[in-house]
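Good morning, colleagues. Please take a moment to look at the sequence and the structure before I begin.

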Amino acid sequence: MNALPRRLFITLGGNAILPARGTGTFEEQCAITRATMQPIARLIQQGVEVVLSHGNGPIVGNILTRNECAREQIPPMPLDVCGADSQGGIGYMMQQILQNELRKIGLGDRPVVTLVTQIVVDERDPAFRRPTKPIGPFYPQERGRLLAKEKGWTVVEDSGRGYRRVVPSPRPLEVVELAAIRQIVEDGGVAIAAGGGGIPVSRQWDGSLHGVEAVIDKDLASSLLARLLGCEMLVIITDVDRVALHYGKPEQRDVGEATADELQRWTDEGHFPAGSMGPKIQAAIEFVRGGGREVIITSPNRVLEALKGATGTRVRR
């Protein structure tokens, strides 16, 4: 069995909370989250300091859909506010469920805290000139064109399913609430932070912050925060047990272990598309090259097995 790390960062994919074929009800989301929090509670029981984050892809899309459906009665909120809403809602669910699981094993006094987290990006980032991240509902062509004209959005056709807004996905540079997150962890609590990649903000000449219309990749944000907190290990939870080369093809080959250099070479060969596994692989490369000991990529129900070395993809320097 592999030795457990002293401090561990775990990030859950948005689809791990709200799967594509799920009902989308809050009850279903709670049931899925509970199955993930149970092994995390056992890790905490074994003395591991745990920091959590999460994606928000399907859920923030639902918030944007509510924006659109209620636009005649309630003024729509900007994208950064929608991201903050998703951080609060998902964080509340994870926080309460983990608190309940800890209580069952005699750790009911362990603080679990959700922080609405802002992450600084550079408004000169090239991503702002090339919006690529699809968000929100699908629109008929005419509605999509009208919204693009009215709101200045970039709207593109998406896989034959309709037209969607796309927004920039700039690189995360700075975690505004880093000191508060670090204090929670060092005081023995569990922090849930940088949900959905964090709320993208820009820092002005006078030091003030303001939200920007963008979406930060949650795996890159998690990799940054994990490095800043001195975590030894980053666990990326996604919808597959292991990373694979030639994914979905007859010659598919699962990857049990890899170095950062091997992942970079396979990325350059086109194995990890930007819209799926690509950001997770980049986050893993940056984490181990930035001083982290190891990255594990696996599915929600196999976290403990992966930490024992029985499954998952392990990435080392």
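The protein has 10 helices and 17 strands. Its radius of gyration is 19 Å, close to the 20 Å that the globule rule gives for 317 residues, so the protein is as compact as a globular protein of that length. I should state at once that this is a predicted model. Along the principal axes, the C-alpha trace spans about 60 × 50 × 45 Å. Of the 317 residues, 50% are buried.

Let me turn to the interior. How many cavities of 30 Å³ or more does a search of the whole structure find? The search finds one, and the volume of this largest cavity is about 120 Å³. Its lining consists of 14 residues, and those closest to the centre are Asn-56, Gly-83, Gly-196, Gly-198 and Ala-214. Two elements each give two or more residues to this lining, namely helix H4, residues 79-104, and strand S10, residues 199-203. Which of the elements gives the most to the lining? That is H4, with four residues. Sorted by class, the lining of the largest cavity has seven nonpolar residues, six polar residues and one charged residue.

Strand S10, which we have just met at the cavity, also belongs to a sheet. This sheet is open, has four strands in the order S8-S4-S10-S11, and shows mixed pairing. Its edge strands are S8, residues 174-175, and S11, residues 209-211, and each of these pairs on one side only. Strand S4, residues 118-120, is joined to S8 by two bridges, and these two strands run antiparallel. Within this pair, Ile-119 stands opposite Val-175 of S8.

My last topic is helix H7. Why can we say that helix H7, residues 218-228, is largely enclosed by the rest of the structure? The reason is that nine of its 11 residues are buried, and buried here means under 20% relative accessible area. The buried residues in H7 are Lys-218, Asp-219, Leu-220, Ala-221, Ser-222, Ser-223, Leu-224, Leu-225 and Ala-226. Thus the list holds Lys-218 and Asp-219 as well as leucines such as Leu-220 and Leu-224.

Both ends of this helix deserve a remark. At the start of H7, a side-chain oxygen of Asp-217 reaches to within 3.0 Å of the backbone nitrogen of Asp-219. Just after H7, Gly-230 takes a positive phi of about 70°.

Thank you for your attention.

How values were computed: Residues numbered from 1 in each chain as written. Predicted model: local features only at pLDDT ≥ 70, side-chain atom pairs only at ≥ 80, totals over all residues. Heavy atoms only, no water. 1 Å grid on protein atoms, 1.4 Å probe; cavity = no way out; pocket = protein on both sides within 12 Å on 5 of 7 lines; lining within 4 Å. Points joined across faces, edges and corners; volume = space filled by probe spheres on them. Nonpolar A, V, L, I, M, F, W, Y, C, P; charged D, E, K, R; others polar. Pairing = 2+ DSSP bridges. Buried < 20%, exposed > 50% of the residue type's maximum accessible area, 1.4 Å probe, protein only. Polar contact = N/O pair within 3.5 Å; in protein donor to acceptor, adjacent residues only side chain to side chain. Rg over C-alpha atoms; globule rule 2.2 N^0.38 Å.
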